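Reader: Could you walk me through this one before I start on my own notes? I would like to take the fold at an easy pace and then look at one spot in more detail.

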Amino acid sequence: MKNVAVIGAGTMGNGIAHTFAQFNYKVQLIDVSQPALDKALATIEKNLDRMVSKERITEADKNATLGNITTYTSLEEGLEYASLVVEAATENVDLKLKIFQDLDKLCPEDTILATNTSSISITQIAAVTSRPDRVIGMHFMNPVPIMKLVEIIKGYNTSAETYQMVESVSKKLNKVPVEVNDYPGFVANRILMPMINESVETLYNGVAGVQEIDTVMKLGMAHPMGPLQLADFIGLDVCLSILQVMYDGFKNPKYAPCPLLVNMVTAGKLGVKSGEGFYDYSESRKAEKVASQFA
């Protein structure tokens, strides 16, 4: 299993491609947008440069990693030799179902189809294919090259052989695979998203401000990053989508998204990706920070 296709060149997709390529897998990175692919390669190169500067890898390692990645805008061309596909498209049920229908038609019968979904049912995704035994969840954490965890989620029909193969691949990537069953949010987001949502509720109710809430969780609970800042890095739209999947799946009001989160997403305040969320990431704010260093 040395040829891996990654669907989607966004934050998670480029991180997954980077990781596989660094461990000498041949990666076909596929996206409908050539600019997105160009941006992904630039991001990967930048991250590799950072690793070289910290002496974690050599310049030769960097060049070999980049050489292992080929980009495609054609799904059919990119999938031709794939033994494993990892889908990392937007967290949208209809989009993922359409992608997996296409993957099922285009991939060889023995290709394993994995999804990086953080909350959507693996069983539901597998049901639109003719190979539900070879469909599995492979949920990486962001930033993928650094974070050790991979949640491996078995659908109702996922075979033991498929699980074992994906577990083995995860270990070869120097990750720690954890077996998880197919319920909304799995483990990571079933625990994380209610915490983030409750943090937004705490802000919404006027209990404390953004920095105060994050400071309490960092200094009082030893979290490396406060929940509101973490939500900004995940993407508030992604947080909202995951909460909605969990709310629909469990029909439990504790998963209902806070109105403030809904309003922020509606207003386009998505966090780092949009330049503003609970914190300001705009260029003007960056300039202010730089200027303050010389004041």
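Author: What follows goes from the annotated span to the sheet, and then to a single serine; please keep in mind that this is a predicted model.

Reader: Fine, so which residues does the UniProt domain annotation cover?

Author: The unreviewed UniProt entry places "domain: 3-hydroxyacyl-CoA dehydrogenase NAD binding" on residues 3–182. That span is 43% helix and 22% strand, and its end C-alpha atoms lie 27 Å apart.

Reader: And the sheet, what order do the strands take?

Author: The sheet is open, has eight strands with mixed pairing, and follows the order 3-2-1-4-5-6-7-8. Strand 3 (69–72) and strand 8 (176–181) each have a single partner strand, so one side of each is left without a neighbour in the sheet. On average, and with direction ignored, neighbouring strands are turned by 25 degrees against each other.

Reader: How many bridges join strand 1 to strand 4?

Author: Four bridges join them, with strand 1 (residues 3–7) and strand 4 (residues 84–87) running parallel; one of the pairings sets alanine 5 against valine 85 in strand 4.

Reader: What about strand 5, how is it paired on the strand 4 side and on the strand 6 side?

Author: Strand 4 and strand 5 run parallel and are joined by four bridges, with valine 86 partnered by alanine 114 of strand 5. Strand 5 also pairs with strand 6 in the parallel sense, over three bridges, and there leucine 113 stands opposite valine 135.

Reader: Are the faces of strand 5 covered or open?

Author: Both faces are covered, since Ile112 and Ala114 on one side and Leu113 and Thr115 on the other are all buried. In a regular strand the side chains alternate between the two faces of the sheet.

Reader: Where does helix 5 lie?

Author: Helix 5 (residues 93–106) lies across strand 1, strand 4, strand 5 (112–115) and strand 6 (135–140), and runs at about 165 degrees to strand 5. Together with strand 4 and strand 5, helix 5 makes a right-handed β-α-β unit.

Reader: Switching topic, is serine 118 buried or exposed?

Author: Serine 118, in the loop between strand 5 and helix 6 (122–126), counts as buried because its relative accessibility is 9%, and the cut-off for buried is under 20%.

Reader: Which residues does serine 118 touch, leaving aside those up to four places away in sequence?

Author: Serine 118 touches Glu91, His139, Gly185, Phe186, Asn189 and Ile242.

Methods: Residues numbered from 1 in each chain as written. Predicted model: local features only at pLDDT ≥ 70, side-chain atom pairs only at ≥ 80, totals over all residues. Heavy atoms only, no water. UniProt positions renumbered as here; feature names shortened; annotations may be inferred. Helix = DSSP H or I, 4+ residues; strand = E, 2+ residues; numbered from the N terminus. Pairing = 2+ DSSP bridges. Axes fitted to C-alpha atoms, helices over the stretch in contact; angles between N-to-C directions. Contact = heavy atoms within 4.5 Å. Buried < 20%, exposed > 50% of the residue type's maximum accessible area, 1.4 Å probe, protein only. Right-handed = clockwise from strand over helix to strand, strands pointing away.
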